[in-house]
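User: I should like to understand the terms used for this structure. Could each term be set against its definition?

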Amino acid sequence: MTDPIVSIRGVSKKFPGGVIAVDDVNIDIAPNEFFALLGPSGCGKTTLLRMISGLETPTDGQIIIGGQDMALTPPNKRPTNMVFQSYAVFPHMTVEENVAYGLRVTGVPEDETKRRTAEALEMVKLSHLAKRKPDQMSGGQRQRVALARALVKRPKVLLLDEPLSALDAKLRDDMRMELTRLQETVGITFIIVTHDQDEALSMASRIAVIDKGAVQQIATPSELYEQPATRFVADFIGKVNLIDAKVLSKKAKAITCEAKGLGKLTFDTEKACGDTVAVAVRPEKLKISKAEPKAAGLIKVQGNVRDVAYYGDTSHIVVSIKGGPDLQVNVQNDSRTGGSGVERGQAIWVSWMPDDSLVLTE
Amino acid sequence: MAEQMKPGSGPLDYGNRLWLKILFGVIFFMLYVPIITLVAFSFNTDRRGIVWRGFTFDNYVKAWNNSSLIEAMINSLMIAFIATLIATVLGAMVALMLWRFRFPFKGAYEAFMGLPIVIPEICMGVALLLFFNETGMMTAVVAMPWPLNLSNIIIAHVAFCFPFVAIVVRSRLVGFNRQLEEASKDLGASEWQTFWKVIVPFMMPGLVAGALLAFTLSLDDFVITFFTSGPETVTFPVKVYSLVRRGVSPEINAASTVLIVITVVATVLAMKLQAPQKSGKG
Amino acid sequence: MDNWKDNRSVFWTLAGPGTFWLLVFFILPLGFLFVMSFSDKAIINGEVSITEYDYLTGISNYIRSVDTLYLTIIWKSIWVSALATVLCLLTAYPIAFGICFASEKWKPLLLLLVVLPFWINLLIRTYALIAVFRSQGYVNLALGAVGLGPYDMLYNNFAVIFGLVYVYMPFMVLPLYATIERLDKSYLEASLDLGASQFTTFLKVTIPLTMPGIITGVILVFIPCLGSFLTPDLLGGANAIMIGNVIERQFKAANDWPFGAALSFMLMYATFAALMLRAFLAKRSAGVDV
């Protein structure tokens with residue numbers, strides 16, 4: 001990795017009441033990355049973002065931006081700019097004045113301010129609305145103003161707090177593409193906070209999954225989906241079947257365990273583990289069949305169909321198995337009969353390739 | 001690096017800034033020192049009330065034995081009581097009307113309701129003085145038995161109090177979910193039953209807060225009472241005014257302290273009632 | 001909301017009593033006052049009557065009210081009120097601001113502390129000030145202890161202005177508090193984030209966005225100051241007369257009701273002018289009311 005543009009080292013934030021919002025977080029973010037902080041609401045991701053911007057300060061640790069520890073530097077002295085969740089577009093200024101604000105208050109010459117403001121408005125395609133007041137604009141337009149206002153400052157890092165959450169579905173898709181395009185054009189590091197896994201997976205080059213103030217895993221989107229490090233990550237990213245298992249024996253490169261309802265299974269892994277682990281497998285990796293599948297090496301179990309939910313292109317089938325948790329299986333619907341061909345109460349076999357499942361040790 | 005923030009704080013944590021704390025200290029000191037010394041010196045033995053000579057209740061006893069002061073106090077309380085009663089009913093009705101109905105020139109009507117609030121007190125006072133004089137009401141009430149001889153003052157107090165009540169009650173009604181009313185009717189209650197069993201209980205905190213407001217406003221009023229009271233009737237503020245013009249005395253301190261206690265209790269009550277409801281209620 | 005025509009009986013029952021009361025005991029008296037302001041004392045048998053009037057004789061009272069003597073007093077009332085209003089704003093803004101940013105635990109208490117004096121009788125508060133400021137008062141005692149004074153702090157313009165600020169400050173704090181509390185703090189954060197200093201943020205974002213509260217507060221303080229009678233009467237004495245005192249004198253000691261009525265209407269017109277200015281300013285900053 002090249003020198004990180006943002007380096008968060010041992011950062012903690014404790015509130016006076018004793019609540020720990022952020023707990024010993026370490027993240028390095030490379031220049032030009034599109035980085036996402038992903039987690040459920042209240043996990044500390046927004047606090048982390050606000051600490052990078054200087055709107056809050058950590059009680060412990062360093063926040064190094066461009067090679068300088070800025071943990072306690074006020075926000076107006078940092079090379080970061082933020083797009084707020086509520087956009088915070090000043091209602092008493094026109095679009096143009098909003099965008100020029102950050103340049104004017106820092107003493108950028110007026111002719112340069114004019115030129116850069118015009119460029120920024122051009123970039124977000126709002127030149128024709130330059131004289132408007134924010135209360136005459138839609139939410140999507142106001143967000144573009146907020147974006148232009150931040151980008152015109154040419155920050156080293158652009159921070160975006162839940163940028164898509166207030167938009168409706170159609171606009172959200174447009175904005176998602178727009179943000180990706182902008183990030184590629186301007187070549188600035190983007191750090192985005194979101195609770196929506198789809199947003200993070202589709203936009204970010206790397207994602208830090210955060211829960212209860214602590215980083216769970218930092219990885220690319222596909223790694224997160226295919227190789228979740230913890231139960232929390234597996235469960236938070238997409239839908240997953242988690243089957244608790246008791247460890248029977250642990251060798252250097254394999255774990256043998258007794259999984260609930262599935263019996264004795266062996267997985268190749270080098271991870272250390274305690275007495276219990278969990279077997280994780282995505283619903284779309286599971287196969288169903290009426291007869292017992294014959295192929296060698298498959299993990300298979302018989303159960304009863306408890307529920308069938310039809311979703312157009314796919315159906316989600318819930319199978320209850322003896323002694324274990326319900327398993328969800330997603331199957332492609334048959335285009336001719338228009339369904340999965342499975343009925344509630346029916347006995348059925350569920351099977352999958354061992355490589356499609358994962359053993360989670362924490 | 002020049003500027004640094006304190007670990008764990010934010011740039012908007014002004015509440016922790018020292019200069020703001022000092023400013024708060026100074027301003028609260030200036031606000032309260034006169035009132036606190038007034039209360040403290042009501043317990044002073046020194047007649048001239050300059051230096052502290054010792055603790056006593058004598059001033060309260062003297063004030064209690066001062067029949068004209070007591071009479072003024074009783075008059076004030078009586079006026080406040082009756083004016084509050086009438087003002088609360090009138091104010092609540094106007095509030096209900098403004099909340100329930102739309103009608104032509106509603107904005108103008110609201111401005112009309114607000115007039116007694118914005119017009120300088122002294123103008124209202126002299127207008128009422130003139131009115132009572134010209135209509136003969138000023139001399140008419142003098143002959144009446146107590147408390148009817150206070151009628152003019154009560155009428156004036158109702159006129160400036162009830163628009164305040166209307167505002168308070170209406171702001172309470174704005175939070176009313178009209179589906180409750182519809183639900184009540186759907187369950188078979190008549191319009192009248194719905195009014196008494198659903199709307200009035202909901203209005204109640206607003207009514208009590210409005211009534212307490214009217215009570216303090218009436219008890220506090222000096223200017224309008226000063227003009228509308230005839231030569232015979234004296235209210236507490238008018239009495240205190242005439243005493244103050246003659247100089248400072250510990251008896252006034254004692255009587256004032258009593259009034260302060262009454263208003264502070266009423267205010268704290270009103271604020272408690274107006275405070276946003278804790279979750280689980282309304 | 002229902003149309004009034006849908007339920008006329010309920011509408012009139014609710015609207016009737018209050019409207020009647022206000023018409024008869026407020027508008028009608030003002031009408032009397034209006035007529036009186038255009039009247040003169042009757043002259044019976046060559047003598048000016050004390051109780052009888054010739055109604056609607058002309059605008060002589062208004063002409064008299066713009067006489068230099070009274071114009072000076074009106075002008076002085078305006079600047080005293082304006083100064084008191086500005087001082088109120090300067091002290092109330094930091095207070096309101098501080099309360100908004102205080103911890104949730106302290107907020108209600110601080111707010112109560114600001115509002116409480118407002119509920120205490122105006123007369124009592126003014127009386128309390130007299131006790132503090134008179135020549136044997138505590139301020140002079142304290143100054144005397146360090147070898148200064150005694151100063152005459154009562155019965156001058158200083159006393160009146162201080163008294164007005166003391167008495168009407170809560171009127172300023174409350175609307176300011178309401179506006180600052182409603183202000184989305186992310187505007188301030190955005191300004192800081194964009195490189196503005198705390199001071200620039202205050203000047204360019206906080207003040208413009210809280211302008212509606214400032215305007216309301218200024219009007220709420222200016223109007224009662226302008227019409228005040230008690231404070232200048234008790235604290236100012238003969239040296240610091242305001243328009244309210246002149247009106248009172250016409251209706252009591254001087255017994256010149258027609259002239260007092262004209263002065264009252266002058267005061268009311270000034271009040272309405274202030275209110276209209278407020279409506280105008282509020283309309284102009286309509287987009288700002290966040």
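Analyst: We may begin with a pair of strands. E12(A) and strand E13 (residues 263-268) of chain A pair in the antiparallel sense over six bridges. This is a predicted model, in which local features need pLDDT of at least 70 and side-chain atom pairs count only at pLDDT 80 or more, while totals for chains, interfaces and linings use all residues. Residues are numbered from 1 along each chain as its sequence is written, and chains are lettered from A and ligands numbered from 1 in the order in which they are written.

User: What makes E12(A) and E13(A) a pair?

Analyst: Two strands pair if DSSP finds at least two bridges between them. E12(A) and E13(A) have six bridges, so the definition is met. One of the links joins Ile255(A) to its bridge partner Phe267(A) in E13(A). The two strands form a hairpin with three residues between them, and Gly261(A) in the turn has a positive phi of about 80°.

User: How do you know that strand E11 (residues 241-250) of chain A pairs with E12(A)?

Analyst: Five bridges join these antiparallel strands, and the definition asks for at least two. Ile255(A) takes part here as well, as the bridge partner of Lys250(A). E11(A) and E12(A) also form a hairpin, with three residues between them.

User: Which residues of strand E12 (residues 254-259) of chain A are called buried, and why?

Analyst: A residue is buried if 20 or more other C-beta atoms, placed from the backbone, lie within 10 Å of its own (exposed if 12 or fewer, partly exposed in between). Ile255(A), Cys257(A) and Ala259(A) point to one face and are buried, so they reach that count. Ala254(A), Thr256(A) and Glu258(A) point to the other face and are not buried. In a regular strand the side chains alternate between the two faces of the sheet.

User: What makes residues of helix H5 (residues 121-134) of chain B and helix H13 (residues 257-284) of chain C count as in contact?

Analyst: Two residues are in contact if their C-beta atoms, placed from the backbone, lie within 7 Å. The helix axes, lines fitted to C-alpha atoms over the stretch in contact, come within 10 Å and cross at roughly 145°, the angle running from 0 to 180 degrees between N-to-C directions. The contact is made by Cys123(B), Val126(B) and Leu130(B) of H5(B) with Trp257(C), Gly260(C), Ser264(C), Leu267(C) and Met268(C) of H13(C).

Conventions. Helix = DSSP H or I, 4+ residues; strand = E, 2+ residues; numbered from the N terminus.
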